[in-house]
Amino acid sequence: KQVQSVIDQVKQNDVPAVFCESTVSDEGQKAVARATDAAFGGNLYVDSLSTADGPVPTFLQLLEYDAQTITAGLLNN
């Protein structure tokens with residue numbers, strides 16, 4: 001029911017891309033993308049950092065990573 005509500009909102013608002021938080025499963029957002037014309041833009045780091053050898057070990061790298069992911073997700077649609 002929640003996924004259907006998001007699908008309806010994405011369709012009604014012509015959302016070009018959907019994203020998911022890195023700490024939860026992205027299957028719901030991928031289902032939204034499949035059911036609409038939106039692209040799955042990727043996973044964003046919202047309130048947690050990765051390990052030291054991961055993509056966002058610092059807050060500044062988190063901001064850079066998310067900005068690049070959002071930009072790519074919107075431009076590649």
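**Helix H3, the nonpolar core and the surface of a predicted model**

Thr-69 lies in helix H3, and in this predicted model the residue is buried, with a relative accessible area of 12%. When neighbours within four places in sequence are left aside, the contacts of Thr-69 are with Phe-19, Gly-41, Gly-42, Asn-43 and Leu-44. Thr-71 is also placed in helix H3, but Thr-71 counts as partly exposed, at 42% relative accessibility. Between Thr-71 and Gly-41 there are 8.8 Å in space, C-alpha to C-alpha, although the two are 30 residues apart in sequence. Gly-41 is thus a partner of Thr-69 in the contact list given above, and strand E2, which covers residues 39–44, is the element in which this part of the chain is found.

The overall arrangement gives these positions their setting. The secondary structure of the protein comes to three helices and two strands, and from the N terminus on the elements follow the order α-β-α-β-α. The C-alpha trace spans about 40 × 25 × 15 Å along its principal axes. Of the 77 residues in the protein, 27% are buried, and the accessible surface comes to about 5,100 Å², of which carbon and sulfur atoms hold 53%. Among contacts with a separation of 6 or more, 35% are accounted for by residues 24 or more positions apart.

A further buried position of helix H3 is Leu-62, for which the relative accessible area is 4%. Leu-62 is in contact with Tyr-45, Val-46, Ser-48, Leu-49 and Val-56, once neighbours within four places in sequence are left aside. By contrast, the C-alpha atoms of Leu-62 and Ser-5, which are 57 residues apart along the chain, are separated by 29 Å.

Two of the residues in contact with Leu-62, namely Tyr-45 and Leu-49, take part in other features of the model. A search of the whole structure finds one aromatic pair, which is formed by Tyr-45 and Tyr-65 in an edge-to-face arrangement, with 5.3 Å from centre to centre and 80° between the planes. This pair links distant parts of the chain, since Tyr-45 is in the loop between E2 and H3 whereas Tyr-65 is in helix H3, 20 residues apart. The angle of 80° is described as edge-to-face because it is over 60 degrees. The two rings belong to residues of unlike burial class, for Tyr-45 counts as buried at 16% relative accessibility, while Tyr-65 counts as partly exposed at 27%.

Leu-49, for its part, is located in the loop between strand E2 (39–44) and helix H3 (59–75), and is partly exposed, with a relative accessible area of 46%. Together with Phe-59, Leu-60 and Leu-63, Leu-49 makes a nonpolar surface patch of about 410 Å². Leu-49 can belong to such a patch because its relative accessible area of 46% is over the 30% that is required.

The largest nonpolar core holds six residues in all, namely Ile-7, Val-10, Val-18, Val-32, Ala-33 and Ala-38. The elements that give two or more residues to this core are H1 and helix H2 (27–35). One of the core residues, Ala-38, is in contact with Val-10, Val-15, Pro-16, Ala-17, Val-18 and Ala-33, leaving aside neighbours within four places in sequence.

Side chains of opposite charge can pair when their charged atoms come close. In the present model the count comes to one salt bridge, which joins Asp-26 and Lys-30 with the closest N and O atoms 3.5 Å apart. Asp-26 counts as buried because its relative accessibility of 15% is under 20%, whereas Lys-30 is partly exposed, with a relative accessible area of 29%.

A backbone feature is found at Asp-14, in the loop between helix H1 (2–12) and strand E1 (17–21). Most residues other than glycine have a negative phi, but phi of Asp-14 is near 50°, a positive value in a residue other than glycine. Asp-14 is exposed, with a relative accessible area of 64%.

How values were computed
Residues are numbered from 1 along each chain as its sequence is written. This is a predicted model: local features need pLDDT of at least 70, side-chain atom pairs count only at pLDDT 80 or more; totals for chains, interfaces and linings use all residues. Side-chain values use heavy atoms; hydrogens and water are left out. Helices (H or I, at least four residues) and strands (E, at least two) are DSSP runs, numbered from the N terminus. Buried means under 20% relative accessible area, exposed over 50%, partly exposed in between (1.4 Å probe, protein chains only). A nonpolar core is a set of buried Ala, Val, Leu, Ile, Met, Phe, Trp, Tyr and Cys residues joined through side-chain atoms within 4.5 Å. Contact means heavy atoms within 4.5 Å. Patches are made of residues with over 30% relative accessible area and no salt bridge: like charges are joined within 9 Å, nonpolar side chains (Val, Leu, Ile, Met, Phe, Trp, Tyr) within 5 Å. Accessible areas come from the Shrake-Rupley method with a 1.4 Å probe; for residues, only the protein chains shown count as cover. A salt bridge is a side-chain nitrogen of Lys or Arg within 4 Å of a carboxyl oxygen of Asp or Glu. Rings of Phe, Tyr and Trp (its six-membered ring) pair if their centres lie within 6.5 Å; planes under 30 degrees apart count as stacked, over 60 as edge-to-face and the rest as tilted.
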